[in-house]
Amino acid sequence: MDEFEMSDLGLMHYFLGIEVMQSHDGIFISQKKYVREILDRFKMKDCNAANTIVDPSLKLHKDLEEKRLDSMLYQKIIDSLMYLTATRPDIMYSVSLISRYMGNSSKMHLLAAKRILRYLQGTKDFGLFYKRGIKSNLLGFTDIDYARDQDDHRSTLGYAFILGTTVISWSFKK
């Protein structure tokens with residue numbers, strides 16, 4: 001402040017669509033407002049909430065016989081969900097899974113995308129909490145599905161690293 005003219009705006013509350021709540025206990029980041037905007041944009045603000053992100057019995061694949069959908073709608077849903085993964089690592093695997101079919105989407109793929117939106121309806125308040133003052137242990141988790149993809153029989157690998165009580169790094173790759 002001695003070198004440049006500055007204004008102290010206080011604690012950060014909102015940055016690039018991410019809501020930041022700072023307290024004595026730690027920092028909580030979420031995208032509640034963005035989730036509401038997504039649900040409204042895709043006309044699902046009054047939908048029934050789903051308890052799980054993906055139907056466990058659903059096996060997505062390229063359906064060459066089924067009629068193709070409007071790919072623009074499907075791509076917009078996926079684009080919106082991709083930005084949301086910044087504070088919602090719980091949806092990362094499912095979003096990664098449905099994004100494989102952006103160029104060749106059918107009704108089953110759109111239903112899987114809408115299932116994620118229904119899950120978000122019930123979990124709007126979820127986010128990441130970085131707790132202050134506790135000893136932070138580093139934990140790592142990995143998983144692989146060993147050639148489950150029915151189209152090319154390739155595997156999907158995922159990992160997540162947790163520092164203290166919060167996910168700090170995650171990835172899902174085919």
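1. In this predicted model, three of the strands make up an open sheet whose order is β5-β6-β7, and the pairing within that sheet is antiparallel. The edge positions are taken by β5 (138–144) and β7 (166–173), and because each has a single partner strand, one side of each is left without a neighbour in the sheet. From one strand to the next, the twist of this sheet averages 10°.

2. Within the β5-β6-β7 sheet, the pairing of β5 with β6 can be followed at the residue level. Strand β6 covers residues 157–163 and is joined to β5 by 7 bridges, the two strands running antiparallel. One position that may serve as a reference when inspecting the register is Gly-140, whose bridge partner in β6 is Phe-161.

3. There is also an open sheet of 4 strands, in the order β1-β2-β3-β4, and its pairing is antiparallel. Here the edge strands are β1 and β4 (127–131), each of which pairs on one side only. Strand β3, made up of residues 26–30, is joined to β4 by 5 bridges, and these two strands run antiparallel. As for individual positions in this pair, Ile-29 stands opposite Leu-128 in β4.

4. The helix α2 (71–84) deserves a point of its own. It has 14 residues and reaches 20 Å from its first C-alpha to its last, which is close to the 20 Å expected at 1.5 Å a residue. Its buried residues are Tyr-74, Ile-77, Ile-78, Ser-80, Leu-81 and Leu-84. Seen down the axis of α2, these buried residues fall within an arc of 160°, and they therefore line one face of the helix. The cover over the buried residues of α2 includes α1, α3 (92–99) and α4 (107–122).

5. Turning to the nonpolar interior, the largest nonpolar core contains 27 residues, of which Leu-81, Ile-98 and Leu-117 touch the most other members. The elements giving two or more residues to this core are α1, α2, α3 and α4, and α4 gives the most, with 8 residues. What does Leu-117 touch, not counting residues up to four places away in sequence? Its contacts are Ile-38, Leu-39, Phe-42, Met-44, Ile-77 and Leu-81; of these, Ile-77 and Leu-81 are also listed among the buried residues of α2.

6. A second core, separate from the largest one, has 8 residues, and Val-20, Leu-128, Ile-162 and Trp-170 are included in it. Leu-128 has already appeared as the residue in β4 that Ile-29 stands opposite. The residue ranges place Val-20 in β2 (18–22), Ile-162 in β6 (157–163) and Trp-170 in β7 (166–173).

7. Two residues have backbone values that a reviewer may wish to look at. Leu-16 has a positive phi of about 50° although it is not a glycine, and this residue is found in the loop between β1 (14–15) and β2 (18–22). Is Leu-16 buried or exposed? Its relative accessibility is 61%, so Leu-16 counts as exposed, the cut-off for that class being over 50%.

8. The other such residue is Lys-43, which is likewise not a glycine and has a positive phi of about 55°. Lys-43 is found in the loop between α1 (32–41) and α2 (71–84). With a relative accessibility of 75%, Lys-43 also counts as exposed.

Key. Residues are numbered from 1 along each chain as its sequence is written. This is a predicted model: local features need pLDDT of at least 70, side-chain atom pairs count only at pLDDT 80 or more; totals for chains, interfaces and linings use all residues. Side-chain values use heavy atoms; hydrogens and water are left out. Two strands pair if DSSP finds at least two bridges between them. Axes are lines fitted to C-alpha atoms, for helices over the stretch in contact, and angles run from 0 to 180 degrees between N-to-C directions. Buried means under 20% relative accessible area, exposed over 50%, partly exposed in between (1.4 Å probe, protein chains only). The expected span of a helix is 1.5 Å times one less than its number of residues. The arc is that of the directions from the helix axis to the C-beta atoms. Contact means heavy atoms within 4.5 Å. A nonpolar core is a set of buried Ala, Val, Leu, Ile, Met, Phe, Trp, Tyr and Cys residues joined through side-chain atoms within 4.5 Å.
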